Amino acid sequence: MNRSEERICPGCGSSRTTFVQRGLAGLTDESDQYYRCLDCERVTYEILSRTEREVRAGRLEPGRTVRERGSAYVVRRVLKVGLNEYLVYLAPDLDDQSLTFAKR
Ligand SMILES: [Zn+2]
């Protein structure tokens, strides 16, 4: 667990966040990685687990803007990790209207 890296909520700027790591070692059942802000309850995704079909259908490729549960992200990287699994690395889209903090 990488607890030393502080995660700042892009929605409100709070550092009071809880981090949920992908279940790489079977520690959790989570296939996605994200953190949740304790102040505004925004969930920010860092890594999504997707099938090849989902990657194609969603045209998930670096540089593209995607929406995940209401928030916009820029795809940073798409990594194939299994026969039919891709990891999609995301960064919050700073142009997203919901990011009041980042726009200040
Ligand atoms: Zn927040």
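**Close-up views of the chain**

**View A. Arg-69 counts as exposed, with 7 C-beta neighbours inside 10 Å.** The model shown in this and every other view is predicted. Arg-69 is exposed because its 7 neighbours fall in the range of 12 or fewer that defines an exposed residue. Look for Arg-69 in the loop that links β4 and β5. These two strands form a hairpin with two residues between them. The phi of Arg-69 is near 45°, which is positive although the residue is not glycine. It helps to remember that most residues other than glycine have a negative phi.

**View B. Strands β4 and β5 pair in the antiparallel sense.** Here we step from the turn into the strands themselves. Strand β4 covers residues 65-68, and four bridges hold its pairing with β5. Two of the bridge partners are easy to pick out. Val-66 has Tyr-73 of β5 as its partner, while Arg-67 is matched with Ala-72 in β5. Val-66 and Arg-67 follow one another, and in a regular strand the side chains alternate between the two faces of the sheet.

**View C. Six strands form an open sheet with antiparallel pairing.** Which order do the strands take across this sheet? Reading across, the order is β1-β2-β3-β6-β5-β4. The edges belong to β1 (17-20) and β4, each of which pairs on one side only. On average, neighbouring strands are turned by 30° against each other, with direction ignored. Along the chain, the elements follow one another as β-β-β-α-β-β-β-α, giving two helices and six strands.

**View D. Strand β2 pairs antiparallel with β1 and also antiparallel with β3.** Four bridges join β1 to β2, and four bridges join β2 to β3. On the β1 side, you can follow Phe-19 across to its bridge partner Tyr-35 in β2. On the other side, Gln-33 stands opposite Ile-47 in β3.

**View E. Glu-41 has a positive phi in the hairpin of β2 and β3.** This hairpin has five residues between its strands, and Glu-41 sits in that loop, between β2 (33-37) and β3. Its phi is near 65°, a positive value for a residue other than glycine. Is Glu-41 buried or exposed? Glu-41 has 10 other C-beta atoms within 10 Å, so it is exposed.

**View F. The largest nonpolar core is made of eight residues.** Its members are Tyr-34, Tyr-45, Leu-48, Tyr-73, Val-75, Leu-87, Val-88 and Leu-90. Strands β3 (43-50), β5 (71-80) and β6 (86-92) are the elements that give two or more residues to this core. The largest share, three residues, comes from β6. For a closer look at one member, try Leu-48. Not counting residues up to four places away in sequence, Leu-48 touches Asp-32, Glu-68, Val-88 and Leu-90. Two of these contacts of Leu-48, Val-88 and Leu-90, are themselves members of the core. For the chain as a whole, 20% of the 104 residues count as buried.

**View G. Ala-91 in strand β6 is partly exposed.** Ala-91 has 14 C-beta neighbours inside 10 Å, so it counts as partly exposed. Which residues does Ala-91 contact once its neighbours within four places in sequence are left aside? Ala-91 is in contact with Tyr-73, Val-74 and Arg-76. The view can also take in Arg-77, whose C-alpha lies 9.6 Å from that of Ala-91, with the two positions 14 residues apart in sequence numbering.

**View H. Ser-98 lies in the loop between β6 and α2 (100-103).** Its surroundings contain 15 other C-beta atoms within 10 Å, which means that Ser-98 is partly exposed. Beyond its neighbours within four places in sequence, Ser-98 is in contact with Gly-11 and Ser-71. Gly-70 makes a handy landmark: Ser-98 and Gly-70 are 28 residues apart in sequence, and their C-alpha atoms are 8.8 Å apart in space. Across the chain, among contacts between residues at least 6 apart in sequence, 36% join residues at least 24 apart.

Methods: Residues are numbered from 1 along each chain as its sequence is written. This is a predicted model: local features need pLDDT of at least 70, side-chain atom pairs count only at pLDDT 80 or more; totals for chains, interfaces and linings use all residues. A nonpolar core is a set of buried Ala, Val, Leu, Ile, Met, Phe, Trp, Tyr and Cys residues joined through C-beta atoms within 7 Å. Two residues are in contact if their C-beta atoms, placed from the backbone, lie within 7 Å. Two strands pair if DSSP finds at least two bridges between them. Axes are lines fitted to C-alpha atoms, for helices over the stretch in contact, and angles run from 0 to 180 degrees between N-to-C directions.
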